[in-house]
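Me: Got a minute to walk through this fold with me? I'd like to start with the sheets and then get to the helices.

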Amino acid sequence: MTEESFLFVTRTLNDNHRQCGGVDGVEFLIYNWGLAWKHYDNPVHRHSFYEVCYVLDGEGEYEDDEVTYKLECGSLFASLPGHWHQIRSRTGLKLFFVAFEVIAADSSPETRRYEADLLGCPSPVVAGQERVTALLWRALYRHVLLQPADDGPQTNGLCNLLLRSFPATFGRHDGSSASKPKSFSRSRSHLVQLAKRYIRDNLSSPLRLEEVAAYLNVSARHLSRIFKEELGQSLVDYVTRIRMHEAEGLLKTTLCSVKEIADLTGYHSVHYFTRVFADRYGIPPAEYRRKTLSSNL
C-alpha cells in the first residue's frame, strides 16, 4: 500500500462515484472520498454533513463535543453534523475517510431510520475487533486498485455497502449498550438534530411544527417539548433565527432582491419579512444592505 496507490484510488472514486444507493430507499451524496497519509492535528470545527474515518495506522486522539477518545490502528470514528470535533496525533495517522450527506428528497422511512440510527450511536469511536466497515473499506480499495476500468455498478455497489454499514458498526460499540438515561438523552438529541437538518434544508417551505413533526414521525407536542428542553427555545423561534441568519448572509453576499430573499427564506409576504427583519436588526433589510455595503467600501 503506497501513497501513490492511495491517491489513485481516491481520485478514481471522486471522479466516478459521488452518488450511490437509492435502490433500497437510502441515497448518498458524496462530498469527498479522501485519504490522509500522515494526519496530525486539525482545528476544532464542525460541519453540516457526516464524515467517517478509518485509521489504517498510527495513534492519536479524537475529541467530540468535549469528550476525548483514543485512536489506534483499526479505529473507526464518525463526525456527526453539528458536533464540534478535533483529531490530534503526534506521530501522524494514516486514514481513509468519506464525507457525505443522506439525500432525503423522498423523506423515505429508510432514510429517516438510517439517520436516526447513525445520529443515535452511543459513541463516535469504535475500536478493537475487525468490523464489517473496515473489511468493506479495504475491499473497495483493492477493487478500485485492481480493476480501475470498472467505474460502474460493481464499484458503486461497494460504495453503497460501505456507507450502509456505518449505523450498525457504530451502534454496536464493543457489543455494549448505553444505559437507559443516556440512551433517552441521545434519542432526544438526535431527533432535534434531524429537525435542525430538515429546517436548514427546507427554509423556503412553511416549516410549521406539524410539518417537521410529521417528517420525523413524532407528535407535534413531543417535538415541541424536546426542542424547548434541548435548545431552550421553541421550534418557531429557532426557525425564525435560522431564517434571519440566512437572510442576513444573502443581503451581504448576493445581489438578490429583498423579495427574492424573502421567498428563499420562507417569507412569501415581503412586508412581513421586512417587519420581522427590522424587529431583529433594528432597520429594514434594504437599509441593512446599504449600510453593510458602504462600511465595506
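**Sheets, helices and a ring pair**

Reply: Sure. There's an open sheet of six strands, in the order 1-2-8-3-6-9, and the pairing is antiparallel. Keep in mind that this is a predicted model.

Me: Which strands stand at the edges of that one?

Reply: Strand 1 (19–21) and strand 9 (125–126). Each has a single partner strand, so one side of each is left without a neighbour in the sheet.

Me: And how many bridges join strand 2 to strand 8?

Reply: There are 10 between strand 2 (residues 27–39) and strand 8 (residues 93–103), and the two run antiparallel. To get the register, look at Gly 34, which sits opposite Phe 97 of strand 8. Trp 33 has Val 98 in strand 8 as its bridge partner.

Me: What packs on the sheet?

Reply: Helix 1 (residues 3–16) does, with contacts to strand 2, strand 3 (50–57) and strand 8. The direction of helix 1 makes about 165° with that of strand 2. Helix 3 (residues 132–146) packs on the sheet too, touching strand 2, strand 3, strand 6 (76–79) and strand 8. The direction of helix 3 makes about 80° with that of strand 3.

Me: Back to strand 1 for a sec. How many bridges does it make with strand 2?

Reply: Three, in the antiparallel sense. Gln 19 is the residue opposite Leu 29 in strand 2. The hairpin of these two strands has five residues between them, and Gly 22 there takes a positive phi near 100°.

Me: OK, helices. At what angle do helix 1 and helix 3 pack?

Reply: About 90°, with the axes 9 Å apart. That's why they count as roughly perpendicular to each other.

Me: Which residues meet there?

Reply: From helix 1 you have Ser 5, Phe 6, Phe 8, Val 9, Thr 12 and Leu 13, and they meet Leu 140, Tyr 141, Val 144 and Leu 145 of helix 3. By class, this contact has eight nonpolar residues, two polar ones and no charged ones.

Me: What about helix 3 with helix 4, parallel or antiparallel?

Reply: Roughly antiparallel. Helix 4 covers residues 153–164, and the two pack at an angle of about 160° with axes 9 Å apart. Their crossing is left-handed.

Me: Which side chains should I pull up for that one?

Reply: On helix 3, show Thr 133, Leu 136, Trp 137, Ala 139, Leu 140, His 143 and Val 144; they meet Gln 154, Thr 155, Leu 158, Cys 159, Leu 161 and Leu 162 in helix 4. The contact splits into nine nonpolar, four polar and no charged residues. Leu 140 and Val 144 of helix 3 are also in the list for helix 1.

Me: Switching topic: how many aromatic pairs does the structure hold?

Reply: 20. One of them is Phe 28 with Tyr 114, which is edge-to-face, at 5.2 Å centre to centre with 70° between the planes. Phe 28 lies in strand 2 and Tyr 114 in helix 2 (residues 109–119), so the pair ties together parts that are 86 residues apart in sequence.

Me: Last thing, the three-stranded sheet. What's its order?

Reply: 5-4-7, open, with antiparallel pairing. Strand 5 (67–71) and strand 7 (85–88) are the edge strands, each pairing on one side only. From one strand to the next, the twist averages 20°.

Me: And how many bridges hold strand 4 to strand 7?

Reply: Four, with strand 4 (residues 60–64) antiparallel to strand 7. Within strand 7, His 85 is the bridge partner of Asp 64.

Technical notes. Residues numbered from 1 in each chain as written. Heavy atoms only, no water. Pairing = 2+ DSSP bridges. Contact = heavy atoms within 4.5 Å. Axes fitted to C-alpha atoms, helices over the stretch in contact; angles between N-to-C directions. Parallel < 35°, antiparallel > 145°, perpendicular 65-115°, else oblique. Left-handed = near helix turned anticlockwise from the far one by under 90°. Nonpolar A, V, L, I, M, F, W, Y, C, P; charged D, E, K, R; others polar. Phe/Tyr/Trp six-rings, centres within 6.5 Å; stacked < 30°, edge-to-face > 60°.
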